[in-house]
Amino acid sequence: AKAAGRNTIRFFNPKMQEAASRRAQLETDLHLAIENKQFQLYYQPQVDSDGAVIGSEALIRWNHPERGMVSPLDFISVAEETGQILSIGLWVLEEACQQLKRWEDAGFGALTVAVNVSARQYQHPDFVAAVIEILEKTGVKPGSLNLELTESVLSNNIDDVANKMWQLGAQGIGFALDDFGTGYSSLSYLKKLPLNYLKIDQTFVRDLLTDPNDTAIAQTIIALAQSMSLKVIAEGVETEAQRQRLHEFGCHIYQGYLFGKPVPAEELKLEEFMIQD
Ligand code: C2E
Ligand code: CA
Ligand code: CA
Ligand code: CA
C-alpha cells in the first residue's frame, strides 16, 4: 500500500484487492464461457395495447458451471471493459436472429426481436457490416430487428454512432433508446438519430401511481415521443393499474412481468397474450 501521509489517499486496500481478483477471475471465466457455450438468451414478450404479442426482447443469461445463472448486471460491464462484449454481442445478435427465423418458420411471421447493443459494439468499425452479414446469413428481414441502445452509447462519438445508425436504419433496422430519462445526455440527439422507439425506464414505471414526479415524467416522455412520431415502450410493467395508466397516457407497447418474465425461447407462449374484452 502507498505510504499514507497527509492529503494522500490509500488507494489499495484488501477489499480492493479482493474486488480486483474477482474481476480477473470473471474475465477468465467469461473467456471460457464463450468457448464452452455457457450463454443463453431469454426472451421477454412485448405486447401492444390490445395485449397481442408483437415481439420480444432478447436478454442474455450466463449459465456458470459453479455459480449457476449469472445476471447480465454482474458481467456485462466487465465484458464492456475488457472488450469481450464484442464477441458476446455478435453471438447474441446471431442467436436472436436465428431464433426469430425459427418463430417465423413456425408461423409467427410478424414478430420483431429487440437486441441490446453496447457502446463498444457501436464503436467498432465493422459494426454495420457485421449486423448486415448476420441478417443475410440468418435470413431475417431487417425490419424485424430492433437494436436497443442506451444514452451512454451516445456520450462520445455521437456523429459516428449516428452515421452507423443511419446506414442500418436505411436497411430497415429499427432503433430503440433504452432506459430513456436516466442518462445525462442532452435531448438534442433525439433529432439527430433515426430512432423508432423510446423505452420508458422501469424506475419511472415502478411508482407511477404513487409518485407524482414519476407520473409526470412518464406522461411527458409519452407526449414527447408522440410529438416526434416515435413509439413508446414501457418496461417493468408489473400491474394492471400501471398498464391502464400508461394506456391513458397514450403508450403503445408494454413489457414487464405482468405479461411475462424473460424465459427461454421454447417457454415463450406466443399465443396466450390476447386480452379478451
Ligand atoms: P434492460 O435492457 O433495461 O432490460 C430490462 C431488465 O429488466 C431485464 O433485466 C429484465 O429481466 C428486467 N425486467 C423486465 N420486466 C421487469 C419487471 O416487470 N419488473 C422488474 N423488476 N424487472 C423487469 P436483465 O435481464 O437482468 O438485464 C439487465 C440488463 O443487462 C439489461 O437491462 C441490459 O442493459 C443488460 N443486458 C441484458 N442482455 C444483454 C445483451 O445481450 N447485451 C448487452 N449489451 N446488454 C444486455
Ligand atoms: Ca433493453
Ligand atoms: Ca431498459
Ligand atoms: Ca436497464
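## Two loop residues with positive phi

Ser229 sits in the loop between helix 8 (212-227) and strand 8 (231-234). This is a predicted model, and in it the phi of Ser229 is near 60 degrees. That value is positive, and Ser229 is a residue other than glycine. How is Ser229 placed, buried or exposed? Ser229 is exposed, with a relative accessible area of 67%.

Lys37 is another case to look at. Its phi is positive, about 55 degrees, although Lys37 is not a glycine. Find Lys37 in the loop between helix 1 (14-35) and strand 1 (39-48). Lys37 counts as exposed, at 71% relative accessibility. Exposed here means over 50% relative accessible area.

## The pocket of ligand 1

Ligand 1 takes up the space of the largest pocket. A shell of 23 residues surrounds ligand 1. The closest of them are Gln44, Arg61, Gln202, Glu238 and Tyr257. Which elements supply at least two residues each to this shell? They are strand 2 (53-64), helix 3 (85-105) and strand 6 (174-180). Strand 2 gives the most, with four residues.

Now look at single atoms. The side chain of Arg61 has an N or O atom 2.8 Å from an oxygen atom of ligand 1. The side chain of Glu57 also offers an N or O atom, 3.2 Å from an oxygen atom of ligand 1. Ile60 takes part through its backbone: an N or O atom there lies 3.1 Å from a nitrogen atom of ligand 1. How much of ligand 1 does the protein cover? On its own, ligand 1 has 800 Å² of accessible area, and the protein covers 84% of that.

## The calcium ion, ligand 2

Four residues donate to the calcium ion (ligand 2): Glu57 (OE), Asn116 (OD1), Glu148 (OE) and Asp178 (OD). These donors lie 2.2 to 2.3 Å from the ion. Along the chain, their spacing reads E-x58-N-x31-E-x29-D. Glu57 belongs to strand 2, while Asn116 belongs to strand 4 (residues 112-116), so this pair ties together parts that are 59 residues apart in sequence.

The two residues of that pair have their own accessibility values. Glu57 is buried, at 5% relative accessibility. Asn116 is partly exposed, at 30%. Glu57 is thus a residue with two roles in this description: its side chain has an atom 3.2 Å from an oxygen of ligand 1, and Glu57 is a donor to the calcium ion (ligand 2). For a sense of scale, the C-alpha atoms of Glu57 and Ala130 are separated by 20 Å, and the two residues are 73 residues apart along the chain.

## The calcium ion, ligand 3

The calcium ion (ligand 3) is held by Asp178 (OD), Asp179 (OD) and Glu235, which is listed with OE twice. The distances run from 2.2 to 2.4 Å. The spacing of these donors along the chain is D-D-x55-E.

Which residue coordinates both the calcium ion (ligand 3) and the calcium ion (ligand 2)? Asp178 does, and the two ions are 4.1 Å apart. Asp178 is buried, with a relative accessible area of 7%. Asp179 is partly exposed, with a relative accessible area of 25%. The cut-off explains the two labels, because buried means under 20%.

## The calcium ion, ligand 4

What donates to the calcium ion (ligand 4) from the protein? Asp179 (OD) is listed twice, with the donors 2.9 to 3.0 Å from the ion. Asp179 also bridges the calcium ion (ligand 4) and the calcium ion (ligand 3). Those ions lie 3.5 Å apart. Asp179 lies in strand 6, one of the elements that supply at least two residues of the shell around ligand 1.

## A residue in helix 9

Gln244 is part of helix 9 (residues 240-249). Gln244 counts as partly exposed, at 33% relative accessibility. How far apart are the C-alpha atoms of Gln244 and Leu86? They are separated by 39 Å, with the residues 158 apart along the chain.

Notes
Residues are numbered from 1 along each chain as its sequence is written. Chains are lettered from A and ligands numbered from 1 in the order in which they are written. This is a predicted model: local features need pLDDT of at least 70, side-chain atom pairs count only at pLDDT 80 or more; totals for chains, interfaces and linings use all residues. Side-chain values use heavy atoms; hydrogens and water are left out. Donors are N, O and S atoms within 2.8 Å of the metal (3.2 Å for Na, K and Ca); water is not among the atoms, so sites may look incomplete. Buried means under 20% relative accessible area, exposed over 50%, partly exposed in between (1.4 Å probe, protein chains only). A residue is near a molecule or strand if one of its heavy atoms lies within 4 Å of it. A polar contact is a pair of N or O atoms within 3.5 Å; within protein, one must be able to donate a hydrogen and the other to accept it, and residues adjacent in sequence count only if both atoms are side-chain atoms. Accessible areas come from the Shrake-Rupley method with a 1.4 Å probe; for residues, only the protein chains shown count as cover. On a 1 Å grid over the protein atoms alone, a cavity is a set of points where a 1.4 Å probe fits but cannot get out, and a pocket is an open set with protein on both sides within 12 Å along at least five of seven lines; lining residues have an atom within 4 Å of a point. A molecule sits in a cavity or pocket if more than half of its atoms lie within 2 Å of its grid points.
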